[in-house]
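Got your viewer open and your selection box ready? Let's take a walk through this one, stop by stop.

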Amino acid sequence: MSLDTVLLITLIGSTLRATTPLLLAALGGLFSERSGVVNIALEGIMLFGALAAAVTAQLIEAPLLRGNPNASVPLAPVVGVFAAMGVGGFIGWIHAVVSIRYKADQIITATAINLMAIGVPRLILTGLYDNSSTSEPLRNRLPQWGFGDFHLSPLVYLAFLLVPIVWYVVFRTPFGLRLRSVGEHPEAADSVGIDVRRMRYYGVILSGVLAGLAGAFLSIGNFNQFIREMSGGRGFIALAALIFGKWNPWGVLGATLLFGAFEAAATLLGGRQLLPPTVVQAIPFVLTMLVLAGFVGRAIPPKAIGKPFEK
Amino acid sequence: MNERLALLLLTLLALVGLWLAPWAATNRETGARSALILLPNRTVDFTGRTDLVDIPGQGVVLVLSAASLLVVLAGAALRGRTRRWLWLAGGVVLIATHSWGFDRFGAAVREARIGAFVDIVQARIDSPRESTDVPGLERVVADAFELPLSSSIAAARAAGLNVRRLPYNNSGMGLSAFLMLVVGGLAALFSLRLSRRLSRAIDQILATAAVPATSILLALVAAAVVILLLQPTPLGREVEIAGLYPYLVGRLDTLWHAYLTLFADSLGTVSGFMESLKFATPLIFTGLAVAFGFQAGLFNIGAPGQMVVGAVLAMLVGVYLPGPPILVLPLAVVAAAVGGGLWGALPGWLKARFGANEVINTILLNFVAASFLLFILSSSPTFAAPAVRIILLLALAVVVITILAFVPWVRAQVGRAPRGVFAVVGVVLLVGVILAGLPRAGDQALVLNLPFKVPGSEPKSQEISVASRLPQLPRLFGIDVKENPGTNVVPVNVSLYLALIAALVALFVLPRFSRFRLWAWRLGGVLGVGVVTFGVTAPFGLTAVDIGVPPTKLNASFLLAIVTAVFMQLFLWRTRWGYELRAVGVAPEAAEYGGASIARNTILAMTISGAFAGLTACHYVLGGALEDFSLRQALPTSDGFDGIAVALLGGNAPLGIVLSAFLFGVLKNGGSVLNITFPDLTRDVVSMILALVVLFIAAKGFLPERLVNPLRRSRSGEPAVPGRELDRGGETR
């Protein structure tokens with residue numbers, strides 16, 4: 001295999017890996033925003049998911065490793081993934097309760113969750129590992145599926161598989177129709193007997209589950225431990241991708257692939273020492289802003305987004 | 001708010017606490033181990049080395065407390081004026097009893113402490129060493145109960161005995177006493193409804209304080225769970241918890257002691273108070289920044305980024321601009337505001353011009369600014385030659401496009417076929433970038449040596465010039481901490497300050513009375529209040545109170561923060577621009593119909609908001625609140641996020657923000673004390689409390705609408721004075 005092929009495969013692989021968390025989180029955001037609830041808490045939920053996955057998997061494998069340091073516990077990371085989804089869903093539920101039931105400003109609620117995602121993991125890590133910034137490295141990671149030099153975490157495949165599924169659910173099922181109607185015109189939806197609040201709860205909790213999954217990919221899918229603030233703004237980029245993708249799964253796929261490619265290219269530039277790493281870090285954010293400024297005028301959000309429903 | 005139910009529950013809680021919770025701690029040692037006293041004279045010792053202290057008057061306190069709690073309970077069961085009278089009696093007795101009880105307690109503990117000291121000295125007299133001055137020590141023992149303990153210890157040290165680790169250290173109030181004081185205070189407060197005018201004042205206080213107070217309370221309750229999970233009851237050597245009762249007592253005290261630690265140092269000591277003002281200063285700025293955005297209907301989460309850019313500009317002016325302080329210092333402050341303002345104006349412009357959401361853009365700009373800060377403080381960042389060529393090409397393209405945008409012919413072409421023009425420009429740029437990016441022979445990497453970065457790996461800038469430094473606050477009052485390091489004991493004219501504060505309060509309160517509408521009357525009244533306050537307090541020796549001023553990083557930027565708050569108040573509520581800005585915030589369409597420009601006001605609001613956030617540089621760079629007078633990578637940008645909590649808690653009004661910033665300053669200082677005091681707790685508890693406060697305030701404290709706004713109390717609520725419903729008609733709606 002020539003050097004170019006290797007480089008190409010590396011670039012494709014790292015693009016897909018960089019896309020996965022963005023895609024999962026953005027698909028989650030799609031459910032929430034289509035139901036009419038802004039969810040800038042994706043960032044925080046990802047962190048909680050990442051923490052839950054790493055800590056659960058580590059706590060499960062730890063007693064088994066004590067007898068035999070090389071024991072294989074393939075189930076531990078799987079349970080970790082489900083824990084991340086559960087915790088993500090729970091945080092989503094909190095966001096839902098406060099912003100739907102108590103009609104709080106959705107952006108402020110989400111900001112509170114993001115703030116909590118900075119402090120709470122440190123407390124938990126200090127309580128468990130006497131170390132406020134990382135969790136114990138995991139021995140058993142998720143398997144890597146692929147062929148030749150091309151190996152990816154199952155969560156990558158899952159993320160891309162979810163695109164048509166989400167499209168089908170949102171645009172071709174009664175559930176999706178109700179979800180969208182609640183986000184476009186809640187009064188009309190209410191008048192035909194759709195439970196607006198319940199649909200919004202579903203939307204926000206689903207977004208939490210998917211964002212939690214994105215977090216699990218960051219901590220145990222792509223890596224083997226939790227590092228504080230490891231999401232590094234991906235939740236916000238996912239939101240921008242959601243706008244750029246016009247709240248449509250296929251558009252979101254394109255947008256996240258674009259941002260994923262930015263990130264992969266930036267990492268490649270940094271790795272080859274073409275640019276100082278500090279400059280490289282800023283590139284995805286600057287590009288996201290440019291894209292937002294250029295395209296936001298043409299993207300039409302769900303009409304009732306951000307407004308609490310008053311019956 | 002249904003005060004009857006609240007007081008009923010609290011009283012029941014206090015009754016349980018009377019039996020279960022510690023009343024006071026006789027000794028709190030390092031590592032948060034305590035020796036506790038429950039009424040009457042029941043002792044639980046977790047230190048393992050605290051002897052019993054016989055405290056007089058415990059029986060009396062117990063009986064009176066229980067009796068007055070029952071009176072308050074009875075009051076809650078009765079109606080009308082009887083209830084208020086009972087509450088007044090119960091409240092006053094509770095407070096008086098505890099003041100008396102703690103007076104006794106304090107005397108007993110002091111005596112026990114001196115006793116322990118005398119025992120130690122006596123032991124040394126009985127078995128002296130060579131260096132011991134035995135007659136000196138005997139004199140110390142003889143005088144011990146007359147002199148203050150600190151001078152006895154000093155005398156003992158002079159006589160060759162260094163006494164350390166005395167027991168009965170840090171004695172103080174316990175949870176049950178606190179509960180009873182709360183019940184007493186509330187009962188007394190609510191009994192003031194006996195007077196109709198005061199009753200309305202109470203309603204007003206409750207209306208403004210209900211949501212913030214409940215939110216803080218809920219946040220503390222939620223944090224209590226975390227504290228109890230993380231921190232086991234601290235135990236001394238050879239101490240074990242036997243049985244459920246000491247376990248419960250220990251848990252309750254761990255919780256109480258943790259919260260006491262959060263508040264006591266800041267509110268009880270001069271140094272702690274100054275520290276919390278220091279922590280509060282940047283929070284005032286960022287809180288004002290976020291609130292200013294909210295007032296114009298914008299959510300500025302970009303304060304962290306604006307802080308960074310403001311700090312960088314202030315640093316540049318401070319390092320490079322020569323001149324006298326009178327010129328350089330204001331320019332440096334302006335530079336801080338300009339930096340933050342520019343960084344805030346950018347998302348404002350993007351919103352006004354393209355409709356891009358300011359929330360996402362400010363967040364993205366935070367990350368960009370964070371990278372920027374890392375970049376300018378990194379040692380010799382290296383650009384490869386192709387990268388430099390690409391950057392130069394892009395910069396050239398931006399310049400050319402900007403110039404072309406002013407040529408009418410080009411504008412017309414773009415207007416006719418925008419997509420075609422964009423496509424052409426895009427292809428040209430892409431080809432150019434690829435050509436520029438191809439490596440060539442003889443490429444030299446560009447290594448930047450940033451002149452303001454100190455040599456070495458430490459990520460900080462050069463120190464700013466002396467002319468651009470803001471003085472520390474004590475120096476403004478004539479105390480030079482630098483000349484005289486350590487704690488300076490200075491006589492402070494407390495009476496004068498009290499008179500000033502009283503006059504200031506009078507300035508705001510007097511206009512409420514019709515007689516003081518006239519300026520002459522008002523001025524006279526204010527002066528009179530001031531003079532009377534001074535005259536009343538001066539004879540008590542308050543003109544020269546010795547106060548120890550410790551070394552501090554609190555600087556003049558605190559005053560600047562207050563000035564900024566006043567500016568915001570005047571700008572938003574006293575000028576036409578502020579009115580327009582708030583109108584755009586409340587109802588954009590209506591404001592536009594009325595002649596206000598949404599775009600202009602969006603950019604203006606984001607600029608001023610950013611400028612407020614940028615002013616934090618006055619504290620961190622010009623005031624030297626980080627280790628020295630330089631820009632450091634450790635710039636705590638999380639203050640920008642905490643500003644959101646401050647703004648929300650302060651109701652987006654300047655006065656509220658100053659108060660809530662002070663509360664957060666208290667908590668932050670308390671957090672660092674907590675870090676030291678408790679082995680298993682960290683200051684992250686505080687950051688969690690702040691986040692929870694935001695969440696609960698967003699949810700209006702989970703209170704139903706009826707409770708959130710007491711002025712709109714349901715008609716079934718008890719009118720304390722018959723017929724009051726009528727004269728409140730206007731407010732009840």
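Before the first stop, one term: buried area is the accessible area, taken with a 1.4 Å probe, that two parts lose on being put together, summed over both. Also keep in mind that this is a predicted model.

**Stop 1: the interface**

Colour chain A and chain B separately and look at where they meet. Together the two chains bury about 3600 Å², and 83% of that is on carbon and sulfur atoms. Now select Ile360(B), Leu364(B) and Leu695(B): this trio accounts for 16% of the area chain B buries against chain A, more than any other three residues. If you'd rather count residues, 43 from chain B are in contact with 43 from chain A.

How many salt bridges does the rule find across the interface of chain B and chain A? One. To see a salt bridge, show the side chains of Asp684(B) and Arg122(A), which come together at 3.3 Å, N to O. The polar contacts across this interface, with both residues at pLDDT 80 or more, come to one residue pair.

Next, switch to cartoon for chain B. Several elements each bring at least two residues to the side that touches chain A, among them α7 (196-230), α11 (325-354), α13 (385-404) and α26 (684-698). Which one gives the most? Select α12(B), which puts in 11 residues. Colour that side of chain B by residue type and you get 35 nonpolar, six polar and two charged.

**Stop 2: a sheet in chain B**

Leave the interface and pick out the four strands of chain B that form an open sheet, ordered β3-β2-β1-β4 with antiparallel pairing. β3 (42-45) and β4 (172-173) of chain B are at the edges with a single partner strand each, so one side of each has no neighbour in the sheet.

Zoom in on residues 24-29 and 33-38 of chain B, which are β1 and β2: they pair in the antiparallel sense over five bridges. For one specific pairing, click Ala25(B), whose bridge partner in β2(B) is Leu36(B). Then add residues 80-126 of chain B, helix α3, which lies across β1 and β4 of chain B and runs at about 40° to β1(B).

**Stop 3: Arg582(B)**

Select Arg582(B), in helix α20 (residues 576-586) of chain B. Leaving aside residues up to four places away in sequence, Arg582(B) touches Gln295(B), Leu572(B) and Trp573(B). Put a distance label between a polar atom of the Arg582(B) side chain and the backbone oxygen of Leu572(B), and you should find 2.9 Å. For a sense of scale, try Arg165(B): its C-alpha sits 59 Å from that of Arg582(B), with their positions 417 residues apart along the chain.

**Stop 4: a salt bridge within a helix**

The structure holds 17 salt bridges over all chains. For our last one, show Lys278(B) and Glu275(B), whose closest N and O atoms are 3.5 Å apart. Both lie in helix α9 (residues 270-295) of chain B, three residues apart, about one turn of the helix.

Notes:
Residues are numbered from 1 along each chain as its sequence is written. Chains are lettered from A and ligands numbered from 1 in the order in which they are written. This is a predicted model: local features need pLDDT of at least 70, side-chain atom pairs count only at pLDDT 80 or more; totals for chains, interfaces and linings use all residues. Side-chain values use heavy atoms; hydrogens and water are left out. Contact means heavy atoms within 4.5 Å. A salt bridge is a side-chain nitrogen of Lys or Arg within 4 Å of a carboxyl oxygen of Asp or Glu. A polar contact is a pair of N or O atoms within 3.5 Å; within protein, one must be able to donate a hydrogen and the other to accept it, and residues adjacent in sequence count only if both atoms are side-chain atoms. Ala, Val, Leu, Ile, Met, Phe, Trp, Tyr, Cys and Pro count as nonpolar, Asp, Glu, Lys and Arg as charged, and the others, Gly among them, as polar. Two strands pair if DSSP finds at least two bridges between them. Axes are lines fitted to C-alpha atoms, for helices over the stretch in contact, and angles run from 0 to 180 degrees between N-to-C directions.
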